[in-house]
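Reader: I would like to learn how to read a structure such as this one, feature by feature, with the general idea before the particular case. Could we begin with charged side chains and then go on from there?

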Amino acid sequence: MSDKKLTIAVTGASGYIASWVVKKLLQHGYTVHATVRNVEDSEKHVYLYRLQVAHPGQLMLFEADLLVGGFVEAFEHCDTVIHMASPFLISGIKDPQKQLIDPALEGTRNVLSAVNNTPTVTQVVLTSSVVALYNDAVDISEATNKEFDDTCWNTTASKEYSPYNYSKTIAEKEAWKMNKAQSRWTLTTIHPGFVMGPSLNGRSDGASTQFMIQMLRGDFRIGAPEFYFGIVDVRDVAEAHIHAVEREHTPGRYIAVNEVLSMLQISEITQRVTESIDYPLPSNKLSAWMLYLFGPLRGISWKFITRNYGKPFAFDTSKAKSELGVWFRSTDETFRDMVLQLERDNLIR
């Protein structure tokens, strides 16, 4: 990468991860074109407005929608596009096609079509997910060396089963298809696990924030289901995107996961790092039969329970470390800083 400071577009810039990416890009001296769905939504974008004040002339907001468009204007004069806008819903899904699949797939097409129409863009960094690598924990039995790596693809998700996972998988496949159809811009995809850590936007509507709030307010106090998550700090995910812009690397897929933890382990770490307050966190494991009995009432299907309960897994993150130079902070720091942020923003109710 040359010393020339680039102009970089970030889609979905007010999001949980994206807001950290925008902040770090500005701190590194880049000019940022940030897209949001509604520029006039001052409450939702207050943090971006503060960044504009802190970095005068570096951050410009553009209105663009995944299904409507508006990205061509935002990408004008940009060297790199970081495409992060995509819905993240794991509950309350009534229409998977409308809520998840169309925005992810058509949004990727619209964004990359705008890239194709912007001759200055030579690099695209796309935020994918580990769920594009696998669908259920049981899939680890088919992975090389019993680790999910960058060669793995989710082959079992569908609109009916794991629609979010399906949306991320088909959107990434479409991105690689469009990348291979041209030769001007390279593609790097970042695959975060379950992203945790402090939020900059102060909102409580994100899935990660909601999960931690539910843990802290005692929604799982009767017991934690033995489900496992590949945990990663939001700040480290942002760094992975920045490194993909700044470091010479082979375009491809990069996994951003620190460690795999069960819900009970998450609870134990959170309680340890917040010992000044005794939150009603779960201290025991919820049995499988209890989950089969009550899980469907909370939207957890028997199929999901069978394929994920009590089944740990692992990721090969060596490529992200060696080529992107990403190192992951401790989960103690991740959960401590996340709880402190939730307390500071008065979101634990």
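Author: The model shown here is predicted, and a good place to enter it is the pair R253 and E172, whose side chains meet in a salt bridge with an N to O distance of 2.7 Å. The general idea is that side chains of opposite charge can pair when their charged atoms come close.

Reader: Which elements hold R253 and E172, and how many residues apart in sequence are the parts that this pair ties together?

Author: R253 belongs to strand β10 (residues 253-256) and E172 to helix α5 (residues 163-180), so the salt bridge ties together parts that are 81 residues apart in sequence.

Reader: Are R253 and E172 buried or exposed?

Author: Both R253 and E172 are buried.

Reader: How many salt bridges does the count come to?

Author: The count comes to 16 salt bridges. Another of them is formed by R329 with D233, where the closest N and O atoms are 4.0 Å apart. This pair, too, links distant parts of the chain, since R329 sits in the loop between α11 (318-323) and α12 (331-344) while D233 sits in strand β9 (residues 228-233), 96 residues apart. As for their surroundings, R329 is partly exposed, with a relative accessible area of 22%, whereas D233 counts as buried at 2% relative accessibility.

Reader: With which other side chain does R329 meet in a salt bridge, and what is the N to O distance there?

Author: The side chains of R329 and E333 meet in a salt bridge at 3.4 Å, N to O, and E333 counts as partly exposed because its relative accessibility is 24%. Through salt bridges that share partners, D233, R235, D236, R329, E333, R336 and D337 are joined into one network.

Reader: Let us turn to nonpolar residues. How many residues does the largest nonpolar core have, and which of them have the most contacts inside it?

Author: In soluble globular proteins, nonpolar side chains tend to be buried together. Here the largest nonpolar core has 64 residues, and those with the most contacts inside it are V10, V21, V22, L25, I82, M212 and F335. Helix α1 (residues 16-27) gives the most to this core, contributing eight residues. Apart from this core lies another, of 22 residues, among them A85, V121, A175 and W176.

Reader: Taking V21 as an example, which residues is it in contact with, leaving aside its neighbours within four places in sequence?

Author: With those neighbours left aside, V21 is in contact with V10, I82, M84, A238, H241 and I242.

Reader: Which residues form a nonpolar patch on the surface?

Author: W289, L293, F294 and L297 form such a patch, with about 510 Å² of accessible area together. Within this group, L297 lies in the loop between α9 (288-294) and α10 (302-308), and L297 counts as exposed because its relative accessibility is 72%, where the cut-off is over 50%.

Reader: How should I read the cysteines, and how many disulfides does a search of the whole structure find?

Author: A disulfide is a covalent bond between the sulfur atoms of two cysteines. A search of the whole structure finds zero disulfides. Two cysteines may still be described by their burial: C78 has a relative accessible area of 0% and is buried, and C152 is buried as well, with a relative accessible area of 12%.

Reader: What can be said of a polar residue such as S14: where does it lie, and is it buried or exposed?

Author: S14 lies in the loop between β1 (7-10) and α1, and S14 is buried, with a relative accessible area of 11%. Leaving aside its neighbours within four places in sequence, S14 is in contact with V36, K44, H45, L48, N201 and R203.

Reader: Finally, the backbone: which residue has a positive phi of about 75° although it is not a glycine?

Author: Most residues other than glycine have a negative phi, and most peptide bonds are trans. The residue you ask about is H77, whose phi is positive, at about 75°. H77 is placed in the loop between α3 (71-75) and β4 (80-83), and H77 is exposed, with a relative accessible area of 59%. N346 likewise has a positive phi, of about 55°, although it is not a glycine, and N346 is found in the segment after α12.

Key:
Residues numbered from 1 in each chain as written. Predicted model: local features only at pLDDT ≥ 70, side-chain atom pairs only at ≥ 80, totals over all residues. Heavy atoms only, no water. Core = buried A, V, L, I, M, F, W, Y, C linked by side-chain atoms within 4.5 Å. Buried < 20%, exposed > 50% of the residue type's maximum accessible area, 1.4 Å probe, protein only. Helix = DSSP H or I, 4+ residues; strand = E, 2+ residues; numbered from the N terminus. Contact = heavy atoms within 4.5 Å. Patch = residues over 30% accessible without salt bridge, like charges linked within 9 Å, V, L, I, M, F, W, Y side chains within 5 Å. Areas by Shrake-Rupley, 256 points an atom, 1.4 Å probe, with all protein chains shown as cover. Disulfide = S-S within 2.5 Å.
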